[in-house]
Amino acid sequence: MNDSSRVMQVCRLDLWISPVFDERVRSEANLALQVLAHQGEDPRTLAALSRAHAYHVSAAKDELPRAWFVNQALIAQCPDLLCVSSGGAGFDTVDVEACTRAGIAVVNQAGANAFSVAEHTFGLLLAVVKRIVESDTKLRRERGFSREDLMGEEIHGNTLGLIGLGEIGQRTARIAQGFGLEVLAYDPYLSAEQIHARGAQPVTLEALLGRSDYVSLHCPLNATTQHLMGAEQFAAMKPGAVFVSTARGGIHDEAALFQALSSGHLGGAGLDVWACEPPAQDAPLMTLPNVVATFHTAGVTHGGRRNVARSSAQQIALMLRGERPAHLLNPQVWERFCERLRQARG
């Protein structure tokens with residue numbers, strides 16, 4: 001069988017996804033798409049995955065049943081699996097090292113929803129600094145207060161510190177310039193020249209915390225960033241500073257943040273991400289009036305989801321044609337992947 005005649009099997013679960021994904025995959029003559037049940041441990045889902053060449057997997061760790069995480073246990077039952085596509089910039093549901101050992105290429109959709117997340121960052125920042133949620137709540141429930149009781153701050157001329165200056169971080173930096181903010185950035189993976197080119201001044205983490213009026217997280221969650229923002233880091237921030245995260249739950253220590261806020265050291269926080277999503281309604285941070293909370297929805301816009309779905313489908317199609325994708329997370333696997341692809345095509 002030649003390369004062009006072998007139909008390759010693409011699987012995804014029946015979690016919500018923009019229709020663009022299915023349309024794009026089905027437009028490829030040599031790709032066949034199966035949509036599988038995610039509820040329970042349906043043996044039909046496992047049977048289909050065991051024959052799949054590509055698996056599009058949700059990046060939402062608290063929405064995806066553990067049985068369908070791409071880990072060593074699942075990989076062992078999927079001998080034909082060639083590539084995995086995570087449905088977001090994050091890839092918490094994929095064990096990339098286990099995939100690499102098995103010769104499976106892994107991609108994410110870095111940048112696909114970057115505009116949406118950067119916009120949401122400023123939505124949270126403005127909601128906290130301008131006390132928008134507090135004002136809305138009071139107007140609906142109370143009377144007898146003055147406008148001055150809800151006085152917020154002007155952000156123009158202040159300093160924004162970005163921890164991480166990737167696709168989302170650099171878009172956030174551009175928006176910040178429009179608000180007249182000085183932008184600092186800490187990113188150990190970029191040179192000073194690259195940070196300058198992305199619209200920020202390179203600084204150490206310590207300098208960023210000490211100089212910024214607003215600190216915003218835009219780095220991935222991994223072994224080096226787990227609780228990167230803890231009690232020591234919050235204490236190093238300026239009194240009255242605002243903390244924002246649209247990155248990943250677990251990068252900031254929620255208990256330490258609660259203490260920094262409830263003690264009055266920090267002025268507020270805007271949080272889109274949580275250690276457990278959604279957070280409990282009585283979670284300590286949810287009890288504070290100067291915390292604005294959203295349900296990991298920064299990238300969940302119609303445009304963002306459409307871009308993520310299109311990116312994922314395109315990268316799957318490229319890989320199954322033997323073409324290197326833009327957002328390969330384990331480049332060291334590529335040669336072995338190509339050999340496995342040739343064998344699968346027959």
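This report walks through a predicted model of one protein chain, from its overall form down to single residues.

## The chain as a whole

Let's start with the big picture. The chain holds 13 helices and 12 strands. Its C-alpha atoms fill a box of roughly 75 × 45 × 30 Å along the principal axes. How does the radius of gyration fit with a compact globule? A compact globule of 346 residues would have a radius of gyration near 20 Å, and the chain has 22 Å, so the value agrees with that expectation.

Now think about how the chain folds back on itself. If you take contacts between residues at least 6 apart in sequence, 65% of them join residues at least 24 apart.

## Inside and outside

What share of the 346 residues is buried? Buried residues make up 49% of them. On the outside, the chain exposes about 16,000 Å², and carbon and sulfur atoms supply 51% of that area.

Charges are worth a look as well. The chain has 31 positive and 36 negative charges, and the mean positions of these two groups are 6 Å apart.

## Two annotated domains

UniProt has an unreviewed entry for this protein, with two domain features to find on the model. One of them, "D-isomer specific 2-hydroxyacid dehydrogenase catalytic", is listed in UniProt for residues 45-330. In the model this span is 36% helix and 13% strand, and its end C-alpha atoms lie 26 Å apart.

UniProt places the other feature, "D-isomer specific 2-hydroxyacid dehydrogenase NAD-binding", at residues 122-298. Here the span is 33% helix and 15% strand. The C-alpha atoms at its two ends lie 10 Å apart.

## Phe122 and Ala47, two helix residues

Phe122 sits in helix α5. Is this residue buried or exposed? With a relative accessible area of 4%, it is below the 20% cut-off, so Phe122 counts as buried. Leaving out residues up to four places away in sequence, Phe122 touches Leu160, Thr172, Ile175, Ala176, Phe179 and Leu181. Pro65 is 57 residues from Phe122 in sequence, and their C-alpha atoms are 32 Å apart in space.

Ala47 belongs to helix α2, which covers residues 43-49. Its relative accessibility is 29%, and therefore Ala47 counts as partly exposed. Between Ala47 and Arg305 there is a separation of 258 residues in sequence and 28 Å in space, C-alpha to C-alpha.

## Leu150 and Arg131, two loop residues

Leu150 lies in the loop between α6 and β6, where β6 covers residues 159-163. Being in a loop does not tell you whether a residue is covered, so check the area: at 12% relative accessible area, Leu150 is buried. Which residues does Leu150 contact, beyond its neighbours within four places in sequence? They are Lys130, Arg131, Glu134, Ser135, Lys138 and Phe145. Arg310 is 160 residues away from Leu150 in sequence and 43 Å away in space, C-alpha to C-alpha.

Arg131, one of those contacts of Leu150, is found in the loop between α5 (114-129) and α6 (132-141). Its relative accessibility of 22% means that Arg131 counts as partly exposed. Arg131 also has a positive phi of about 55°, although it is not a glycine.

## More backbone details to look for

Where else can you find a positive phi in a residue that is not a glycine? His227 has one, at about 55°. You can locate His227 in the loop between β9 (214-217) and α10 (231-236). With a relative accessible area of 39%, His227 is partly exposed.

Another backbone detail is the peptide bond between Glu277 and Pro278. This bond is cis, with omega at about -5°. Pro278 is placed in the loop between β11 (268-271) and β12 (291-293).

How values were computed. Residues are numbered from 1 along each chain as its sequence is written. This is a predicted model: local features need pLDDT of at least 70, side-chain atom pairs count only at pLDDT 80 or more; totals for chains, interfaces and linings use all residues. Side-chain values use heavy atoms; hydrogens and water are left out. UniProt positions are given in the numbering used here, feature names are shortened, and annotations may be inferred rather than shown by experiment. Helices (H or I, at least four residues) and strands (E, at least two) are DSSP runs, numbered from the N terminus. The radius of gyration is taken over C-alpha atoms; the globule rule is 2.2 Å times the number of residues to the power 0.38. Buried means under 20% relative accessible area, exposed over 50%, partly exposed in between (1.4 Å probe, protein chains only). Contact means heavy atoms within 4.5 Å. Accessible areas come from the Shrake-Rupley method with a 1.4 Å probe; for residues, only the protein chains shown count as cover. Lys and Arg count as positive and Asp and Glu as negative; His and the chain ends are not counted. The place of a charge is taken as NZ of Lys, CZ of Arg, CG of Asp or CD of Glu.
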